[in-house]
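Here are some notes on the model, set out as numbered points. Please read them with the structure open.

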Amino acid sequence: MNTCLKSRDVYRLDVNSKFLGINPRILMENAGSRVADYVEDIAKQLGVLDTVVICGLGNNGGDGFVTARHLASRGFNVTVVVLGDPSNIRSGEARENWQLLSNLMLSIKQVVIKDATQLDQLENILSKAKVVIDAILGVGVKGAVKGFYGKVIELINRVKDEKRYIVVSVDVPSGLDVDEGLALGPIVKADYIVTFHALKHGLNNVTGEIKIAKIGIPREAEVFCGPGDLIYFREFLWRRREWSHKGDYGRILIIGGSKYYSGAPALAALSALKVGVDLAIIACPDVIANVIRAYAPNIIVHPVDGEIIRKKHVKGLIEFSKKFDAIIVGPGLGLGDETLEAIYEYIVNVGKSKPLVIDADALKALSKRGLPKEGIKAILTPHEGEFKILFGDTELSKDPNIRGNIVKRKAGEYGLVIVLKGHIDVVSDGIKTKLNMTGNPGMTVGGTGDVLSGCIGAFLSQKPQLLFESAVAGTFLTGFSGDLAFKDLGYSLTATDVIEYIPKALAVIREKYFS
């Protein structure tokens with residue numbers, strides 16, 4: 001687990017927890033309850049029962065609503081100040097908790113301050129406060145806080161300096177940009193910070209005693225691949241710019257195919273296109289070029305002369321590769337000695353400057369010549385047999401922890417990302433390791449490995465520097481698509497069915513986890 005979380009890490013954990021069946025309302029309830037615990041301890045030391053909870057309209061404010069409810073149930077005199085129109089509260093969980101407070105008019109005083117013209121009212125409330133709970137803004141802050149909320153933060157700090165009340169911030173002090181790790185504008189001067197699950201990036205740069213509160217996010221939310229791992233690619237998948245151009249969202253090259261195999265590179269290309277890349281081009285022997293073109297008009301073919309890829313083609317392929325964001329090497333190449341020699345030469349040259357997904361027959365080229373020591377940017381996708389040939393481990397335990405440690409060790413030793421395919425996939429870059437639980441026995445059908453390569457390559461073409469994250473996202477999405485296909489088709493599913501279910505999988509993920 002990351003020691004200091006940024007905004008995407010927090011969101012990823014929340015979404016993955018939801019995928020595991022943990023309702024976000026439970027996490028918000030736990031968060032507010034834990035803040036109330038800490039506030040109660042502080043208030044008892046001070047001998048006071050009066051608290052003011054200042055809430056924004058996001059989930060941080062929702063945590064504040066829960067905190068207020070718990071404090072009121074423990075005998076505190078609680079005033080909740082909502083900043084903005086409550087009808088604009090953004091999340092369902094926060095809205096639900098605001099509605100709960102609306103029923104508690106006897107135990108909680110509720111004040112709505114909609115804009116800066118009402119700040120005199122807030123100043124009056126603060127002037128009588130003993131403990132102020134800052135639940136205005138959370139980890140989603142980007143840049144300097146301006147406008148109404150900025151003036152509120154400045155007011156809290158000014159009155160605090162005059163009246164000496166205690167400020168407890170919920171998760172982070174409002175105003176902290178956790179991605180930058182700095183306050184780029186006004187920030188609440190907290191005496192205590194109750195942060196959830198783990199430290200947030202930048203908390204070491206602010207004042208206040210930090211307390212870490214565990215709220216029920218399980219270890220599996222970090223270790224298992226989940227829909228939250230698509231957060232790094234959200235703009236590519238669902239938030240594209242209106243003024244976009246062909247090629248802005250990925251140019252991917254697949255080097256593969258031979259006189260024996262034409263389907264494998266086509267499956268990788270079609271998979272990448274379904275994920276959303278703009279261009280998928282297959283470099284293949286010209287003997288199968290028209291066959292591949294016939295699969296789909298969306299695939300562009302770059303033929304090289306002959307029935308197989310040979311050493312004479314390497315120089316031209318290296319030059320051609322400069323046009324692409326990511327490259328998949330291996331599907332359907334065949335196992336001829338000259339082809340394997342050619343592909344090894346290609347990998348060690350191109351892999352220094354371009355990110356590669358190395359699969360299928362290209363793995364055999366590496367096993368024959370040995371993994372390059374020069375340092376290449378590559379994701380390897382072996383099944384168990386290929387892993388043993390590559391790395392010499394004769395036995396891979398079915399225990400996911402032991403299996404994960406073996407993959408992690410090898411990935412670290414060679415400076416690669418490895419996706420070990422199996423009933424439980426293992427993804428590691430030698431530092432981080434994740435397990436993937438999506439997928440099913442129906443996906444033992446031929447061609448699903450090529451689909452996986454295409455999915456991983458599609459994400460890699462968007463973020464060429466994020467090899468591990470691309471491997472995780474592609475592995476999860478392939479298995480999730482296969483699970484949806486299996487639900488409808490059972491063991492009759494084919495690799496092309498998995499491809500056809502990719503758009504449905506992305507729609508389900510967006511609707512259930514990113515809406």
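1. Are the two faces of strand E19 (residues 425–428) covered or open? The model is predicted, and in it both faces of E19 are covered. Asp 425 and Val 427 lie on one side and are buried; Val 426 and Ser 428 lie on the other and are buried as well. In a regular strand, side chains alternate between the two faces of the sheet.

2. On one flank, E19 pairs with strand E18 (residues 417–420). The two run antiparallel and are joined by three bridges. Leu 420 has Val 426 of E19 as its bridge partner. The connection from E18 to E19 is a hairpin of four residues.

3. E19 also pairs with strand E20 (residues 433–436), again in the antiparallel sense, through four bridges. Here Val 427 is bridged to Lys 434 of E20. A hairpin with four residues between the strands links E19 and E20. Gly 430 sits in that turn and has a positive phi of about 90 degrees.

4. A further sheet deserves a separate look. It is an open sheet of seven strands in the order E4-E3-E2-E5-E6-E9-E11, with parallel pairing. Strand E4 (108–113) and strand E11 (209–213) each have a single partner strand, so one side of each is left without a neighbour in the sheet. Direction ignored, neighbouring strands of this sheet are turned by 20 degrees against each other on average.

5. Within the seven-strand order, one pair can be checked in detail. Strand E6 (residues 166–170) and strand E9 (residues 192–196) are parallel and share three bridges. Ser 169 has Ile 193 of E9 as its bridge partner.

6. Which strands does helix H4 (residues 92–102) lie across? H4 lies across strand E3 (77–83) and E4, and runs at about 125 degrees to E4. Helix H5 (residues 119–127) also packs on the sheet, where it touches strand E2 (50–55), E3, E4 and strand E5 (131–135). The direction of H5 makes about 145 degrees with that of E4.

7. Ser 271 belongs to helix H9 (residues 263–275). Is this serine buried or exposed? The relative accessible area of Ser 271 is 0%, and buried means under 20%, so Ser 271 counts as buried. Leaving aside residues up to four places away in sequence, Ser 271 touches Val 451, Gly 454, Cys 455, Ile 499 and Ile 502.

Definitions and conventions. Residues numbered from 1 in each chain as written. Predicted model: local features only at pLDDT ≥ 70, side-chain atom pairs only at ≥ 80, totals over all residues. Heavy atoms only, no water. Buried < 20%, exposed > 50% of the residue type's maximum accessible area, 1.4 Å probe, protein only. Pairing = 2+ DSSP bridges. Axes fitted to C-alpha atoms, helices over the stretch in contact; angles between N-to-C directions. Contact = heavy atoms within 4.5 Å.
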